[in-house]
Amino acid sequence: LRDLKFSYLTYVIINSTATLATLIFMPFWGKRIDKAGNIKVLKVASLFIPFVPIVWLVSSNVYYLCGAQVLSGFAWAGFTLAVSIFLYDAAPSENRTRYIALSNALAFAGVALGSLLGGIIAPFVPAIMKSKLLTIFLISGLARIVIILIFIPKISSMKIMDLADAIAPNAEKKVIGIRPGEKVHEILLTEDEARHSREFDDSFVIEPEHPFWDKTNTKGGKLP
């Protein structure tokens, strides 16, 4: 507040803008997930996230920052919704609560660690426009870009209709609705299959569990 020269009221208004924008854009992202799948939405929304702190470097005008917070709400609404649905799909039903709790714990731990690290390095970084806070924002944005480039491409999934098109593109398809236990969004590499799979740069190979399988067939791959 001291660096930005904001009153408490201005600070609350700017923060509330992001929360309100998140609620407004949730239905928008939900419709996109229904059409394209949550992984595609996750990848698209993640492209906006690095720019959330970076846009603060442009101006300290209150109206501009409210617009920046709308971008934040837009990006985090899509990312959070897609991650939540991914967890529900990927986690085994008997351990789903544990996976969700662990994900939330890691997320909050990351926020706390990031804030702590930012406070530690702030005195040692050069100032941007007479503010070291803006330097921390720039570092945060660049770090997010690196994380997204490393991890987001590793996440992949396919809707069952896309899988059907890939296997038999000319086959007649009939939509009969979802029966109990079925999903349009299916997991292609389960936790059990990951134990005997190999990861390559552009694909995963799931090896048979039978002893006759020649391990040299997937030489060069690594455990996912």
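Helices here are DSSP runs of H or I with at least four residues, numbered from the N terminus. With that in hand, we can place a residue: Ser 72 lies in helix α4. The model is a predicted one, and the legends below walk through it view by view.

**View 1. The whole protein, for orientation.** Start with the overall tally: the protein has 8 helices and 4 strands. Going along the sequence, you meet them in the pattern α-α-α-α-α-α-β-α-β-α-β-β. Of the 224 residues in the protein, 24% are buried. Take the contacts in the protein with a separation of 6 or more: 62% of them come from residues 24 or more positions apart.

**View 2. Ser 72 and what it touches.** Here we zoom in on Ser 72, a residue of helix α4. Is Ser 72 buried or exposed? With a relative accessibility of 9%, Ser 72 counts as buried, because the cut-off for buried is under 20%. Leaving aside residues up to four places away in sequence, Ser 72 touches Ala 18 and Val 52.

**View 3. Helix α1 against helix α4.** This close-up pairs α1, residues 8–36, with α4, residues 62–90. Their axes come within 6 Å and cross at roughly 40°. That angle makes α1 oblique to α4, since angles under 35 degrees count as roughly parallel and 65 to 115 as roughly perpendicular. As for handedness, the crossing of α1 and α4 is right-handed. Sorted by class, the contact of α1 with α4 holds 18 nonpolar and 9 polar residues, and no charged ones.

**View 4. Helix α2 against helix α4.** Now α4 meets another partner, helix α2, which covers residues 38–48. The axes of α2 and α4 come within 8 Å and cross at roughly 150°. The two helices are therefore roughly antiparallel to each other, as angles over 145 count that way. The crossing of α2 and α4 is left-handed. Which residues meet here? On the α2 side, look for Asn 38, Ile 39, Val 41, Leu 42, Ala 45, Ser 46 and Phe 48. On the α4 side, they meet residues including Leu 71, Phe 74, Ala 75, Gly 78 and Phe 79, and further along Ala 82, Val 83, Ile 85, Phe 86 and Asp 89. By class, the contact of α2 with α4 divides into 13 nonpolar, 3 polar and 1 charged.

**View 5. Helix α1 against helix α2.** To finish the trio, here are α1 and α2, packed at an angle of about 130° with their axes 7 Å apart. That makes α1 oblique to α2. From α1, the contact uses Trp 29, Arg 32, Ile 33 and Ala 36, while α2 brings Asn 38, Lys 40, Val 41, Val 44 and Ala 45. In classes, the contact of α1 with α2 comes to 6 nonpolar, 1 polar and 2 charged residues.

**View 6. Aromatic rings, with Phe 25 and Phe 74 in the middle of the picture.** How many aromatic pairs does a search of the whole structure find? The search finds 7. In one of them, the ring centres of Phe 25 and Phe 74 are 5.0 Å apart and the planes sit at 85°, so the pair is edge-to-face. The pair ties together distant parts of the chain, with Phe 25 in helix α1 and Phe 74 in helix α4, 49 residues apart. Phe 25 is partly exposed, at a relative accessible area of 23%, whereas Phe 74 is buried, at 17%. Ring pairs also link Phe 25, Phe 28, Trp 29, Phe 48 and Phe 74 into a cluster.

**View 7. Trp 56 and Phe 137.** Moving on to another edge-to-face pair, Trp 56 and Phe 137 have 5.5 Å from centre to centre and 80° between the planes. Trp 56 sits in the loop between α3 (51–54) and α4, and Phe 137 in helix α6 (residues 132–151). These distant parts of the chain are 81 residues apart. Trp 56 counts as buried, with 14% relative accessibility.

**View 8. Ser 140 in helix α6.** The last close-up shows Ser 140, whose place is in helix α6. Ser 140 is partly exposed, with a relative accessible area of 24%. Along the chain, Ser 140 and Ile 54 are 86 residues apart, while their C-alpha atoms are separated by 8.0 Å.

Note on methods
Residues are numbered from 1 along each chain as its sequence is written. This is a predicted model: local features need pLDDT of at least 70, side-chain atom pairs count only at pLDDT 80 or more; totals for chains, interfaces and linings use all residues. Side-chain values use heavy atoms; hydrogens and water are left out. Axes are lines fitted to C-alpha atoms, for helices over the stretch in contact, and angles run from 0 to 180 degrees between N-to-C directions. A crossing is left-handed if the near helix is turned anticlockwise from the far one by less than a right angle, and right-handed if clockwise. Ala, Val, Leu, Ile, Met, Phe, Trp, Tyr, Cys and Pro count as nonpolar, Asp, Glu, Lys and Arg as charged, and the others, Gly among them, as polar. Contact means heavy atoms within 4.5 Å. Rings of Phe, Tyr and Trp (its six-membered ring) pair if their centres lie within 6.5 Å; planes under 30 degrees apart count as stacked, over 60 as edge-to-face and the rest as tilted. Buried means under 20% relative accessible area, exposed over 50%, partly exposed in between (1.4 Å probe, protein chains only).
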